[in-house]
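This report walks through selected local features of one protein model, from a helix in its interior to its strands, loops and surface. Please keep the sequence and the coordinates at hand while reading.

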Amino acid sequence: MKNYIVIILGTTSITVYDGKTDSVISEPAAIAINKKTNFIINIGNEAVQLYEKIPGCVNILYPFKFGMFYYAEVTEKIIEHFYKKYISKRIIKPNLILSIPIYLSKNDKNNLMDLASDYGINNVYFVPKTIADVIGVRPDALTSGVYTAISIGNEKTEIILAVQGKIISYKVINIAGICFDEAIIKYIRNKYNLKIREETAEYIKTMIGGLYNYIDEDGGNNVLSVNVKGIDLKTGLPRIVIISSVEIIEAQRNVADELIESIKQYINNFSDDIRADITVNGIYLTGGGSKLKGITNYISEAININVINIENYQTYRVLGIKEVSGKIQSIAKDSHNLIHIENLL
């Protein structure tokens with residue numbers, strides 16, 4: 001099946017893959033809003049460009065950070081933008097493959113399908129992002145073997161178990177990437193009586209965050225630090241404090257420990273045979289939260305199973321969906337069916 005478009009709905013970006021031209025385009029999952037009227041002005045690349053030109057007049061928002069349909073009307077506007085931009089001008093309408101979180105509800109899927117139908121698309125297929133990532137790394141996972149994968153997204157973490165290409169079970173955990181940012185915000189508020197922005201917490205996490213101490217060239221601990229600007233909760237005035245990597249690691253380990261406890265509970269329900277296979281095959285780790293320094297080893301040591309980090313998961317996601325596309329054609333029953341691929345692998 002070559003006449004198809006893949007839209008990968010991410011937290012901060014949307015990736016479009018055209019099976020016909022074998023091309024990949026990525027745009028921010030962002031909207032620009034007029035500060036005075038609250039009207040949406042632009043979407044995607046155009047939204048970010050407008051914000052950079054006139055930041056005083058425009059707010060930039062990444063609505064998927066709060067859940068794909070937290071702002072239902074906004075989500076529809078974003079999807080419509082990409083349908084119109086990449087699909088509406090094609091004379092022969094392509095098949096559409098949407099890569100989504102595994103926990104997206106049936107109602108949300110139907111909403112996405114209705115939007116596609118408005119643009120003349122009859123065949124809509126859903127492929128969970130976590131599944132696509134693993135298949136991109138090991139295509140044989142589509143038809144054989146036992147594997148488990150953990151995807152740490154922005155607001156939720158998914159764990160799946162698949163046997164011979166079929167999803168046996170999955171679990172959704174409400175501990176994910178945003179929780180690590182919130183831990184930093186809470187820590188700095190409690191210890192320094194300082195209020196910081198989410199963007200500041202993200203910056204701190206990137207610069208000095210992680211789950212292990214940093215090591216210098218001689219093998220000793222290397223304590224890093226950054227200047228953090230926030231609002232003093234007593235005076236209401238700006239204040240700068242120096243935060244060390246030791247402090248941030250402590251705050252983030254608490255979140256990681258909670259996440260690992262949920263992972264253990266899920267794995268402990270596996271049969272002895274499944275656990276034996278997983279011990280041999282390892283567990284795949286993907287999603288934006290998998291980039292946190294040291295998280296792969298931290299999980300692996302806690303559950304005593306090898307964890308394999310899919311570092312370039314966005315690239316492998318496209319490769320996985322390309323692999324799945326051939327199976328989609330073979331299982332399609334007729335042109336009017338909505339085929340939920342996650343139930344058919």
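Among the residues of helix α4, those that are buried are Lys 129, Thr 130, Ile 131, Ala 132, Asp 133, Val 134, Ile 135 and Gly 136. Because 8 of the 9 residues of α4, which spans residues 129-137, are buried, this helix is largely enclosed by the rest of the structure.

The structure is a predicted model, and its confidence should be kept in mind throughout. The mean pLDDT of the protein is 85, with 90% of the residues reaching 70 or more. Over residues 331-345, however, pLDDT stays under 50, and for this stretch the model has 37 contacts beyond four places in sequence.

Val 137, which belongs to the span of α4 (residues 129-137), takes part in a nonpolar surface patch of about 210 Å² together with Tyr 316 and Leu 319. Of these patch members, Tyr 316 is located in helix α10, which covers residues 313-331, and the relative accessibility of Tyr 316 is 30%, so this residue counts as partly exposed.

Two buried strand residues can be described through their surroundings. Thr 148 is placed in strand β9, residues 146-152, and has a relative accessible area of 0%, which means that it is buried. Once neighbours within four places in sequence are left aside, Thr 148 is in contact with Ile 159, Ile 160 and Leu 161, with Phe 270 and Ile 278, and with Gly 282, Ile 283 and Tyr 284. Val 58, in turn, lies in strand β6, residues 58-61, and is likewise buried, with a relative accessible area of 1%. When residues up to four places away in sequence are not counted, Val 58 touches Ala 32, Ile 33, Lys 35, Ile 41, Leu 50 and Tyr 51. Val 58 and Leu 292 are separated by 234 residues in sequence, and their C-alpha atoms are 31 Å apart in space.

How are the strands ordered in the open sheet of 3 strands? The order is β12-β13-β14, and the pairing is antiparallel. Strands β12 (194-195) and β14 (238-244) stand at the edges and have a single partner strand each, so one side of each is left without a neighbour in the sheet. Between β13, which runs over residues 225-232, and β14, the antiparallel pairing extends over 7 bridges, and Ile 231 stands opposite Pro 238 of β14.

Two loop residues other than glycine have a positive phi, namely Asp 22, with a value near 55°, and Asn 38, with a value of about 65°. Their positions and accessibilities are set out below.

| Residue | Phi | Loop | Relative accessible area |
|---|---|---|---|
| Asp 22 | near 55° | between β2 (13-18) and β3 (23-28) | 48%, partly exposed |
| Asn 38 | about 65° | between β4 (31-34) and β5 (40-43) | 57%, exposed |

Are these two loop residues exposed or partly exposed? The cut-off for the exposed class is over 50% relative accessible area; Asp 22, at 48%, is therefore partly exposed, whereas Asn 38, at 57%, counts as exposed.

How values were computed
Residues are numbered from 1 along each chain as its sequence is written. This is a predicted model: local features need pLDDT of at least 70, side-chain atom pairs count only at pLDDT 80 or more; totals for chains, interfaces and linings use all residues. Side-chain values use heavy atoms; hydrogens and water are left out. Patches are made of residues with over 30% relative accessible area and no salt bridge: like charges are joined within 9 Å, nonpolar side chains (Val, Leu, Ile, Met, Phe, Trp, Tyr) within 5 Å. Accessible areas come from the Shrake-Rupley method with a 1.4 Å probe; for residues, only the protein chains shown count as cover. A salt bridge is a side-chain nitrogen of Lys or Arg within 4 Å of a carboxyl oxygen of Asp or Glu. Helices (H or I, at least four residues) and strands (E, at least two) are DSSP runs, numbered from the N terminus. Buried means under 20% relative accessible area, exposed over 50%, partly exposed in between (1.4 Å probe, protein chains only). pLDDT is the predictor's confidence in each residue, from 0 to 100. Contact means heavy atoms within 4.5 Å. Two strands pair if DSSP finds at least two bridges between them.
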